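Please look through the sequence and the three-dimensional model shown here, and then follow the explanation below, which moves from the overall architecture to individual residues.

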Amino acid sequence: MASPSSPVSLPSAAEVLRERYAGRLPASLDELSGPAQGRVELPLHVAWSGLRAYDLDRPRQRMSLYRTVLAEGQRDDLTTLLDRDLLVAQWPVLRTLVSRHIRLVWEDAFPALARRTPTVA
């Protein structure tokens, strides 16, 4: 005979995603030491289909690379592929292109990014 058990509370999908992205974060933005110009080729585990090579000197390609790395990259990918100054400069637009979970995790961990966001009157 089965005994009644207390219901187990499973985390929501949002909580799982936030934990996933938070676990990848560098300790500080200063750890982001990736290239600031030139051509970058993403490893297969980050970009398994579609475009893998990006020209950082082309703003749209740079934004696309950052969006992909933020969504799919592991901690080592973030620190070696992203540049601190480029991330901070692009953040006001980039934050609108990434998922809400990524945006919240990064802005919670690095208030300097949230301060870069224009306020809406």
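Helices, in the sense used here, are DSSP runs of H or I that hold at least four residues, and they are numbered from the N terminus. In this predicted model, Glu107 is found in helix H5, and that helix, which covers residues 100-109, will serve as a reference point further on.

The overall architecture comes before the details. The protein has six helices and two strands, and along the sequence these elements follow the pattern α-β-β-α-α-α-α-α. As for the overall dimensions, the C-alpha trace spans about 65 × 40 × 25 Å along its principal axes. The radius of gyration is 17 Å, whereas a compact globule of 121 residues would have a value near 14 Å. Buried residues make up 39% of the 121 residues, and the accessible surface comes to about 7600 Å², with 53% of that surface belonging to carbon and sulfur atoms. If one takes the contacts between residues at least 6 apart in sequence, 61% of them join residues at least 24 apart. The charges can be summarised in a similar way, for the mean positions of the 16 positive and 14 negative charges are 6 Å apart.

We can now return to helix H5. Its buried residues are His101, Ile102, Arg103, Val105, Trp106 and Glu107, and what covers them includes helix H1 (13-22), helix H2 (59-72), helix H3 (75-81), helix H4 (84-94) and helix H6 (111-115). A general point about helical geometry helps in reading such a list: an α-helix has 3.6 residues a turn, so residues three or four places apart point the same way. Within H5, Glu107 counts as buried because its relative accessible area is 11%, which is under the 20% limit that defines the class. The side chain of this buried glutamate is joined to the side chain of Arg95 by a polar contact of 2.6 Å.

The next region to follow is the loop between H1 and strand E1 (39-41), in which Arg24 has its place. Arg24 is buried, because its relative accessible area is 9%. Leaving aside neighbours within four places in sequence, Arg24 is in contact with Ala71, Glu72, Gly73, Gln74, Arg75 and Leu78, and its side chain reaches the backbone oxygen of Ala71 at 3.2 Å. Although Arg24 and Asp76 are 52 residues apart along the chain, their C-alpha atoms are separated by 8.3 Å.

Asp76 appears again in connection with Thr79, a residue of helix H3, for the backbone oxygen of Asp76 lies 3.1 Å from a polar atom of the Thr79 side chain. Thr79 counts as buried because its relative accessibility is 12%. Beyond its neighbours within four places in sequence, Thr79 is in contact with Pro26, Glu31, Leu32, Ser33 and Gly34.

Leu29 is likewise placed in the loop between H1 and E1, and at 7% relative accessibility it counts as buried. Which residues does Leu29 contact, once neighbours within four places in sequence are left aside? They are Arg84, Leu87, Val88, Trp106, Phe110 and Leu113, and of these Trp106 has already been named among the buried residues of H5. With Val88 the separation is 59 residues in sequence and 8.9 Å in space, C-alpha to C-alpha.

Phe110, which is found in the loop between H5 and H6, lets the same contact be read from the other side. Not counting residues up to four places away in sequence, Phe110 touches Leu25, Pro26, Ala27, Ser28 and Leu29; Pro26 is also one of the contacts of Thr79. Phe110 is buried, because its relative accessibility is 7%. The C-alpha atoms of Phe110 and Ala27 are 9.5 Å apart in space, while the two residues are 83 apart in sequence.

One further pair links helix H1, where Ala22 lies, with a residue of the chain well beyond it in numbering: Ala22 and Asp108 are 86 residues apart in sequence and 9.6 Å apart in space, C-alpha to C-alpha. Is Ala22 buried, partly exposed or exposed? Ala22 counts as partly exposed, because its relative accessibility is 38%, a value that lies between the 20% and 50% limits.

Conventions
Residues numbered from 1 in each chain as written. Predicted model: local features only at pLDDT ≥ 70, side-chain atom pairs only at ≥ 80, totals over all residues. Heavy atoms only, no water. Buried < 20%, exposed > 50% of the residue type's maximum accessible area, 1.4 Å probe, protein only. Contact = heavy atoms within 4.5 Å. Rg over C-alpha atoms; globule rule 2.2 N^0.38 Å. Areas by Shrake-Rupley, 256 points an atom, 1.4 Å probe, with all protein chains shown as cover. Lys, Arg positive; Asp, Glu negative; His and termini not counted. Charge placed at Lys NZ, Arg CZ, Asp CG, Glu CD. Polar contact = N/O pair within 3.5 Å; in protein donor to acceptor, adjacent residues only side chain to side chain.
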